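Here are my notes on the model, as numbered points. Please read them with the structure open.

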Amino acid sequence: MASDDNLRNFDLSPTEAVALQKRLAPLVEQRPLPAPPRTVAGFDLSTRDSARAAAVVVDTGTLETVDEAVAELPLRFPYVPGLLSFREAPAVLAAYEALSVKPDVLMLDGQGLAHPRRFGIACHVGLILGVPSLGAAKSPLIGKGTVPGLEKGELAEIVHKGEVVGVALRTRPRTKPIYVSAGHLITLPEATDLVLRLSPRYRIPEPTRRAHQLAGRR
DNA sequence: GCGACAG
DNA sequence: ATCTTGTCGC
């Protein structure tokens, strides 16, 4: 149908991409997960001439990797802050399709609602797939001055235009925080809890760490 | 108008 | 993201 064609359209100019974000942002929903998630898939990619995306599905209870996949696609959009999904989402979606085990939640390396137009890559991918998603970024796009306490688990809300759009979360003591925000079909508290539980030892949550390793460089 | 700016 | 070895600190 026509709506599906719109959602999957990445053949746009930066100006058109911004317009599309404004049109799709209202469709993103923040709501509780239907049930406690058993699996979370982390996505990451390495880029050169083409983009190599990797997806790793992790069991939230044991932290074991239960499935993984990679996909390679040519890069067709430049890196523009605020428009990351138009560059990375095609490869991420291909990696998702290649998975045998479909995850309960998607963890993207970037922002969700903590975005100037409330439409970071986690919102975009989650909306396209209709699957709960969250953004766990290594640096902020908005909310730069938000600093949480130094102990693991401490957080500080990222407020933008009067709204709490995410949190800066300390996943490791005295180490730079991870910026968490809801993508689609999940709440911020749920996203924050998941990221923390999936970061038992390192700053970067396990799903993302493993996907980063798998995407590797060539 | 001048900076800032996920990966 | 990518270019790149050793090194300081918990």
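1. A polar backbone atom of Thr-47 sits 3.4 Å from a phosphate oxygen of DNA strand C. That is a polar contact, meaning a pair of N or O atoms within 3.5 Å; within protein, one must be able to donate a hydrogen and the other to accept it, and residues adjacent in sequence count only if both atoms are side-chain atoms. The model is predicted: local features need pLDDT of at least 70, side-chain atom pairs count only at pLDDT 80 or more, and totals for chains, interfaces and linings use all residues. Residues are numbered from 1 along each chain as its sequence is written, chains are lettered from A and ligands numbered from 1 in the order in which they are written, and side-chain values use heavy atoms, with hydrogens and water left out.

2. Two side chains also reach phosphate oxygens of DNA strand C. For Arg-48, an N or O atom of the side chain is 2.7 Å from a phosphate oxygen. For Lys-138, a polar side-chain atom is 3.2 Å from a phosphate oxygen of the strand.

3. Which residues are around DNA strand C? They are Ser-46, Thr-47, Arg-48, Lys-138, His-212 and Arg-217. A residue counts as near a strand if one of its heavy atoms lies within 4 Å of it. Of the atoms of DNA strand C within 4 Å of the protein, 100% belong to sugar and phosphate. By class, this surface holds three polar residues, three charged residues and no nonpolar ones. The classes are: Ala, Val, Leu, Ile, Met, Phe, Trp, Tyr, Cys and Pro nonpolar; Asp, Glu, Lys and Arg charged; the others, Gly among them, polar.

4. DNA strand B is surrounded by 18 residues. The closest are Tyr-79, Gly-82, Asp-109, Lys-138 and Ser-139. Sugar or phosphate makes up 50% of the strand B atoms within 4 Å of the protein, and bases make up the rest. The surface near DNA strand B has eight nonpolar, six polar and four charged residues.

5. Polar contacts to DNA strand B involve several kinds of atom. A polar backbone atom of Gly-82 is 2.9 Å from a base nitrogen. Asp-109 places a polar side-chain atom 2.9 Å from a sugar or linking oxygen. Lys-138 has a backbone N or O atom 2.8 Å from a phosphate oxygen of DNA strand B.

6. Now the salt bridges. The rule asks for a side-chain nitrogen of Lys or Arg within 4 Å of a carboxyl oxygen of Asp or Glu. The count is nine. One of them pairs Arg-31 with Glu-29, with the closest N and O atoms 2.3 Å apart. Arg-31 is partly exposed, because its relative accessibility is 39%. Glu-29 is partly exposed too, at 35%. The bands are: buried under 20% relative accessible area, exposed over 50%, partly exposed in between (1.4 Å probe, protein chains only).

7. Arg-197 and Asp-193 form a salt bridge at 2.8 Å, N to O. They are four residues apart in helix α5 (residues 188-197), so about one helical turn separates them. Helices are DSSP runs (H or I, at least four residues), numbered from the N terminus. Arg-197 is partly exposed at 41%. Asp-193 is partly exposed at 36%.

8. Is Glu-206 buried or exposed? Glu-206 counts as buried, because its relative accessibility is 7%. Its salt bridge partner Arg-210 has its closest N to O pair at 3.1 Å. Arg-210 is partly exposed, at 23%. The two are four residues apart in helix α6 (residues 206-215), so they are separated by about one helical turn. Shared partners join Glu-206, Arg-209 and Arg-210 into one salt-bridge network.

9. Leu-7 belongs to helix α1 (residues 2-7). Leu-7 counts as buried, at 15% relative accessibility. Beyond neighbours within four places in sequence, Leu-7 contacts Leu-24, His-124, Leu-127 and Ile-128. Contact means heavy atoms within 4.5 Å. Leu-7 and His-124 are 117 residues apart along the chain, yet their C-alpha atoms are separated by 8.5 Å.

10. The largest nonpolar core has 63 residues, and Val-125 and Leu-134 touch the most other members. Such a core is a set of buried Ala, Val, Leu, Ile, Met, Phe, Trp, Tyr and Cys residues joined through side-chain atoms within 4.5 Å. Residues up to four places away aside, Val-125 touches Ala-89, Val-92, Leu-93, Leu-106 and Leu-108. A second, separate core has seven residues, among them Ala-114, Ile-142, Ile-158 and Tyr-179.
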